[in-house]
Structure formats: C-alpha cells, structure tokens
Amino acid sequence: MIFAERKPVEELIEFAGRYKRVAVAGCATCVAECAVGGEEEVRALVALLGMALRRKGTPVTFVPVMLERQCEREFIEGAVETLEGVEAVISLACGIGAQALAERFDMKPVFPGVNTSALVIREDDGLWESRCAACGDCVLGETFGLCPIARCAKGLLNGPCGGTRENGKCEVNEEMDCIWTKIVERAEARGELDALTEVALPRDWSNSRHGGQKRVVREELQR
Amino acid sequence: MEKFIASCEKSYDVVLLCCRRCLLNAEELTEAVERETALSIKPFILPCSSRVHPSHLLRLLERGAKAIEFVACLETNCQLLLGSRRVERRVQYVQDLLTEINENPERLGLTRRQSITPAELVELAKERLAKSRDVFTLEVKDADSV
C-alpha cells in the first residue's frame with residue numbers, strides 16, 4: 001500500500017491559521033491502514049489543531065470529512081457539498097488523493113497533511129517496510145521474489161555487495177536485512193543458486209519515475 | 001467511549017479514565033467523586049485501558065477537560081496482556097503532540113496500579129490537576145547540542 005507519515009503539526013497550524021473554516025479530509029484506504037489519514041486520525045487532528053489555534057487566539061472551525069478514496073473522482077463528488085462550504089482543505093490522503101481534491105476544487109487551497117513516502121507492507125503492529133520502488137521494470141522474477149531496488153540500500157542488481165554483516169544485516173543499517181543475503185538463501189533453498197551466477201545487465205530505467213509525469217494509455221479499456 | 005466523549009459537554013477539571021481490572025469497589029466511585037466538591041471530576045471505567053485511542057484523549061482535552069488522569073494495570077497484570085503497554089505508548093504519543101503545540105503534556109498522565117480504591121483515584125485526579133497547572137516551558141536546545 002501507499003505509505004504516508006505525519007507532517008509536523010506546526011506546518012498545519014501555520015496553514016490552517018490563515019482561514020476561518022477548514023476541512024480536514026481523510027481517506028479510508030492506504031493512509032487509514034498506515035494510521036495517518038483514517039477516521040481516527042482526522043478526529044485527532046481536528047481536536048489538536050482546534051486546541052492549538054484557540055490557544056494562539058485565532059480560532060478556526062474545522063470540518064472533518066471522510067472519503068472512501070480521495071484518489072477516485074467519483075468518491076470526491078460525494079463530499080462536494082461539505083467541501084464547498086470551507087475556505088481551505090487539509091488532505092490526509094497520499095499525494096494522489098490530495099491532488100485529486102486540488103484538481104476538483106482548483107480555486108481552493110488544498111494543503112497536504114501528510115508526507116507520502118513509500119510503497120510498503122505492514123510487518124507488524126506499528127511497523128511497515130518498503131517493498132516496491134515503483135521503478136517501472138520489475139526484476140522480481142530474477143531475484144526470487146525479493147526486490148533489490150526497494151530493499152537493498154544500494155539498489156544493486158548484482159549482489160551481495162560484500163558489506164553484509166555476519167548476522168546477515170545490511171552494513172548501511174543494522175536493523176535491515178541484507179536483501180541479497182535473503183535472495184541467495186532463497187535461491188539455495190530452491191536448489192537454483194546457479195541462476196545467480198548470471199550477471200544482471202543494466203536495467204531499463206526509461207519507465208521509471210524520472211522524466212516527467214507518467215501517462216499510460218490502454219486502448220482496450222477506453223470508451 | 002464515543003457516548004462518554006459526547007457526554008463531556010461542560011469543562012471538567014479532570015477526566016478520570018480507569019481500567020476496571022485494577023479498580024476496587026467500583027460501586028463507590030460515583031459517591032467518592034461527588035464527595036469531592038473542590039473540583040469537578042468525570043470518571044469513566046474502561047473494559048481495558050487499550051480501548052482508548054489518541055483521538056479520544058485529544059477530543060476530551062479539546063472539549064475542555066483541564067486534565068486527564070489515566071489509571072491502568074501494572075504491565076505484568078494486564079489481563080489482555082498488551083493493553084497496559086499499548087496505552088502507555090498512546091499516552092506518550094499524545095503528550096508528544098501536546099508538546100508540539102506548546103500545551104503542557106502533564107495535562108495527561110498515566111498511573112499504573114495493581115488495585116486502587118475510588119478514594120485513591122480522586123487523590124490521583126487532584127495531583128494530575130495540580131501538575132497540569134504547573135508552568136510549562138518548552139525545553140530549548142542550544143545549537144551546539146543538536
């Protein structure tokens with residue numbers, strides 16, 4: 001899922017303090033799963049900002065709004081009436097959701113309430129780890145289902161680098177597994193270690209995230 | 001919890017949240033609170049302290065509670081094993097948020113007890129209110145220590 005992290009409250013106070021009536025818009029999908037933009041977090045932020053701005057002597061009315069998905073225009077339409085009644089919006093959705101809101105209300109300031117930072121899996125309560133870098137040229141088929149782009153600190157296609165610790169952790173971060181050690185272990189367990197003797201050629205980065213906005217057209221899905 | 005928050009319409013001095021597993025003679029709590037005329041206390045007994053989310057605590061403070069005293073079981077006594085540990089982390093999280101907005105984090109506090117009487121709870125509420133009134137100054141780090 002898309003992962004986001006809380007922004008410093010001071011940034012949100014600074015933004016909200018410019019207005020009299022501000023919506024705090026949550027999203028019930030990814031950001032709810034990572035506990036920064038779901039219903040509880042919307043309520044918490046409304047209370048926190050309300051306290052902070054009252055204390056500063058510039059009280060603001062906050063309107064909590066929950067959208068099933070901020071990244072789908074159809075779901076935004078369900079909240080139009082509420083959102084039209086505010087001067088500005090703090091979006092607790094990922095960058096996609098915040099932009100979808102800003103697009104729908106292009107004359108209204110929409111401020112991101114979170115920093116979207118990764119594509120992750122939930123490992124445990126309160127613990128997420130990235131699994132994908134959305135690099136556009138997936139190599140999982142060659143790396144036994146473990147991504148060296150997202151999970152190797154150096155993004156190596158031919159590993160391990162030689163800096164792996166004795167306990168199998170990464171030399172860059174001792175809390176992080178060396179993913180190339182894991183790849184080798186999995187290859188060995190499957191009896192396919194030889195597959196890793198082939199040198200992986202430089203990958204095709206042309207489908208990655210640089211070079212401007214990605215635009216994908218699939219004619220078979222178009223009307 | 002939602003009904004309880006909705007019922008906190010006036011500004012109480014202290015909202016007292018207590019896990020029922022560590023409270024003795026719960027039936028005497030209402031009387032003990034009413035006996036205390038110097039301050040207004042709104043008590044709420046929880047099935048487990050971990051039922052409280054940070055948003056509950058923030059909303060109670062935002063609705064006007066001057067302080068919140070949270071009483072939970074000892075970590076090793078928690079019947080749900082992790083409840084008492086979880087609430088400690090949540091309380092710490094909310095205290096950090098309060099600090100971020102220059103509010104006194106001592107407006108919220110956690111006490112662990114194996115067993116506690118209603119009279120002792122009221123004493124804890126008084127102590128919490130006193131701490132919440134202490135002058136709060138943010139610790140400012142000098143550039144060299146950062």
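This is a short talk on the pockets, cavities, helix packing and two backbone oddities of a predicted two-chain model.

Okay, quick housekeeping. Residues count from 1 along each chain as its sequence is written, chains are lettered from A and ligands numbered from 1 in the order in which they are written. The model is predicted, so local features need pLDDT of at least 70, side-chain atom pairs count only at pLDDT 80 or more, and totals for chains, interfaces and linings use all residues, while side-chain values use heavy atoms, with hydrogens and water left out.

Let's start with empty space. Rolling a probe the size of a water molecule over the atoms shows where empty space is left. The recipe here is a 1 Å grid over the protein atoms alone: a cavity is a set of points where a 1.4 Å probe fits but cannot get out, a pocket is an open set with protein on both sides within 12 Å along at least five of seven lines, and lining residues have an atom within 4 Å of a point. Points are joined across faces, edges and corners, and the volume is the space filled by probe spheres set on them.

The largest pocket holds about 990 Å³. It has 33 lining residues, and the closest to its centre are A:Ala35, A:Gly126, A:Trp128, B:Pro54 and B:Tyr93. Elements that give two or more residues are β1 (2–6), α1 (9–16), α3 (39–55), β6 (114–124) and β7 (127–132) of chain A, along with α3 (54–62) and α4 (83–100) of chain B. Those names come from DSSP runs numbered from the N terminus, with helices being H or I of at least four residues and strands E of at least two. The largest share of that lining, six residues, comes from α4(B). By class we get 19 nonpolar, three polar and eleven charged residues. For the classes, Ala, Val, Leu, Ile, Met, Phe, Trp, Tyr, Cys and Pro are nonpolar, Asp, Glu, Lys and Arg are charged, and the others, Gly among them, are polar.

The second largest pocket comes in at about 530 Å³. Its lining has 16 residues, with A:Ile96, A:Thr116, A:Leu119, A:Ala134 and A:Arg209 closest to the centre. β6(A) gives the most to this lining, four residues, and the lining splits into eight nonpolar, six polar and two charged.

Hang on to A:Ala134 for a second. What is the sign of phi at A:Ala134? Positive, about 50°, although the residue is not a glycine. A:Ala134 sits in the loop between β7 and α7 of chain A. The other oddity is the peptide bond from A:Gly159 to A:Pro160, which is cis with omega near -5°. A:Pro160 is in the loop between α7 (148–151) and α8 (179–189) of chain A. For context, most residues other than glycine have a negative phi, and most peptide bonds are trans.

Now the cavities. How many reach 30 Å³ or more? Three do. The largest cavity is about 130 Å³, and A:Cys152, A:Ala153, A:Cys161, A:Cys170 and A:Cys178 lie nearest its centre, out of 17 lining residues. The second largest cavity is about 50 Å³, and its lining includes B:Cys19, B:Cys48, B:Cys73 and B:Cys78.

Last topic, helix packing. Axes are lines fitted to C-alpha atoms, for helices over the stretch in contact, and angles run from 0 to 180 degrees between N-to-C directions. Under 35 degrees is roughly parallel, over 145 roughly antiparallel, 65 to 115 roughly perpendicular, and the rest oblique. Contact means heavy atoms within 4.5 Å.

In chain A, the axes of α1(A) and α3(A) come within 10 Å and cross at roughly 65°, which makes α1(A) roughly perpendicular to α3(A). A:Val9, A:Leu12, A:Ile13 and A:Ala16 of α1(A) are on one side of that contact, and the α3(A) side includes A:Leu45 and A:Leu48. That contact is nine nonpolar, no polar and no charged.

In chain B, α3(B) and α4(B) come within 9 Å and cross at roughly 45°, so α3(B) is oblique to α4(B). B:Pro54 and B:Leu57 are among the α3(B) residues there, with B:Tyr93 among those from α4(B).

Then across the chains: the axes of α3(A) and α3(B) come within 8 Å and cross at roughly 30°, and the two helices are therefore roughly parallel. The contact includes A:Glu40 and A:Arg43 from α3(A), and B:Arg59 and B:Glu62 from α3(B). By class this contact has six nonpolar, three polar and five charged residues.
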